[in-house]
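The following exercises concern a single protein model. Each task is followed by a solution that proceeds step by step.

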Amino acid sequence: METKTINTSDSELFEIVEHLLTDAFPEEERRPLEAFRRIADTDSRFDVMALYDGETPVGFITVWDFGQFRYVEHFAIMPEMRCRNYGARALEALRRSDRRPIVLEVELPVDDLTRRRVAFYTRAGFSMLPDDYIQTPYRPGGASLPMKIMAWTPEQTSAPDFGLIRSTLHREVYGVTDAQ
């Protein structure tokens, strides 16, 4: 599993990532593509990483660096490449690349698909934080979504404070300062 950090100047590969992003995530769980492109090109804290097996692209992961922790905003493997251990290998590589905590949002585990997703992250070493969490809308007029936060922490490192996680994500990712 190899990774390559990309931006819009990698036009062919970035187009593949955008296609997978729009296929894998409903509109309410992602920002508009114009905003995604702008952040990828201008925000040094944000990385879009294409995932490869040899020369073959297999997926992508986007990661924010917030100092005390890293936040995985989006992560997807191409449908035809799923069930080949690429997702687990990508998360393992991310964990090994930097020993700071990693957090991510997951949908509430209310059906088979969402329970499988939570189980996948649990097998990858993530734990669900007990606190209630609301993902604020990516777009004006969009709906807030109830989610949970999962976190991976290296040995002998404590998870970041939930309040810090929530306020950082709301402010830096969603542009909201008054969210609870």
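Are both Tyr-121 and Phe-126 buried or exposed? Both Tyr-121 and Phe-126 are buried, where buried means under 20% relative accessible area, exposed over 50% and partly exposed in between, with a 1.4 Å probe and protein chains only.

The model is predicted, so that local features need pLDDT of at least 70 and side-chain atom pairs count only at pLDDT 80 or more, while totals for chains, interfaces and linings use all residues. Residues are numbered from 1 along each chain as its sequence is written, and side-chain values use heavy atoms, with hydrogens and water left out.

**Exercise 1. Aromatic pairs**

Task: determine how many aromatic pairs a search of the whole structure finds, and characterise the pair of Phe-36 and Phe-46.

Solution.
- Step 1. The search of the whole structure yields ten aromatic pairs. Rings of Phe, Tyr and Trp (its six-membered ring) pair if their centres lie within 6.5 Å; planes under 30 degrees apart count as stacked, over 60 as edge-to-face and the rest as tilted.
- Step 2. For Phe-36 and Phe-46 the centres are 6.2 Å apart and the planes make an angle of 85°, an edge-to-face arrangement.
- Step 3. This pair links distant parts of the chain, ten residues apart: Phe-36 belongs to helix H2 and Phe-46 to strand S2 (residues 46-53). Helices (H or I, at least four residues) and strands (E, at least two) are DSSP runs, numbered from the N terminus.
- Step 4. Phe-36 and Phe-46 are buried.
- Step 5. Tyr-121 and Phe-126 also form an edge-to-face pair, at 5.8 Å centre to centre and 70° between the planes.
- Step 6. One aromatic cluster is formed by Phe-14, Phe-36, Phe-46, Trp-64, Phe-66 and Phe-69.

**Exercise 2. The environment of helix H4**

Task: describe the span of helix H4, and establish which residues of H4 are buried.

Solution.
- Step 1. Helix H4 (residues 112-123) has twelve residues, and its first and last C-alpha atoms are 16 Å apart, close to the expected 16 Å at 1.5 Å a residue. The expected span is 1.5 Å times one less than the number of residues.
- Step 2. Thr-114, Val-118 and Tyr-121 are the buried residues of H4. They lie on the same side of H4 because they cover an arc of only 60° around the axis, the arc being that of the directions from the helix axis to the C-beta atoms.
- Step 3. An α-helix has 3.6 residues a turn, so residues three or four places apart point the same way.
- Step 4. The cover over the buried residues of H4 includes strand S4 (70-77), helix H3 (86-97), strand S5 (102-107), strand S6 (127-128) and strand S8 (145-152).
- Step 5. At the N-terminal end of H4, Asp-111 acts as a cap, with a side-chain oxygen 3.3 Å from the backbone nitrogen of Leu-113. Just after H4, Gly-125 has a positive phi of about 100°.

**Exercise 3. Salt bridges**

Task: state how many salt bridges a search of the whole structure finds, and locate the partners of the bridge between Arg-37 and Glu-18.

Solution.
- Step 1. Twelve salt bridges are found in the whole structure; a salt bridge is a side-chain nitrogen of Lys or Arg within 4 Å of a carboxyl oxygen of Asp or Glu.
- Step 2. In the bridge between Arg-37 and Glu-18, the closest N and O atoms are 2.6 Å apart. This pair links distant parts of the chain, with Arg-37 in helix H2 (residues 33-42) and Glu-18 in helix H1 (residues 11-24), 19 residues apart.
- Step 3. Arg-37 is partly exposed at a relative accessible area of 31%, whereas Glu-18 is buried at 9%.
- Step 4. Glu-73 and Arg-31 form a salt bridge whose closest N and O atoms are 2.7 Å apart. Here too distant parts of the chain are linked: Glu-73 lies in strand S4 and Arg-31 in the loop between H1 and H2, 42 residues apart. Both Glu-73 and Arg-31 are buried.
- Step 5. Glu-92 and Arg-96 form a salt bridge with closest N and O atoms 2.8 Å apart. Both residues lie in helix H3, four residues apart, about one turn of the helix.
- Step 6. Glu-92 is partly exposed, at 28% relative accessible area, and Arg-96 is exposed, at 63%.

Technical notes: Contact = heavy atoms within 4.5 Å. Polar contact = N/O pair within 3.5 Å; in protein donor to acceptor, adjacent residues only side chain to side chain.
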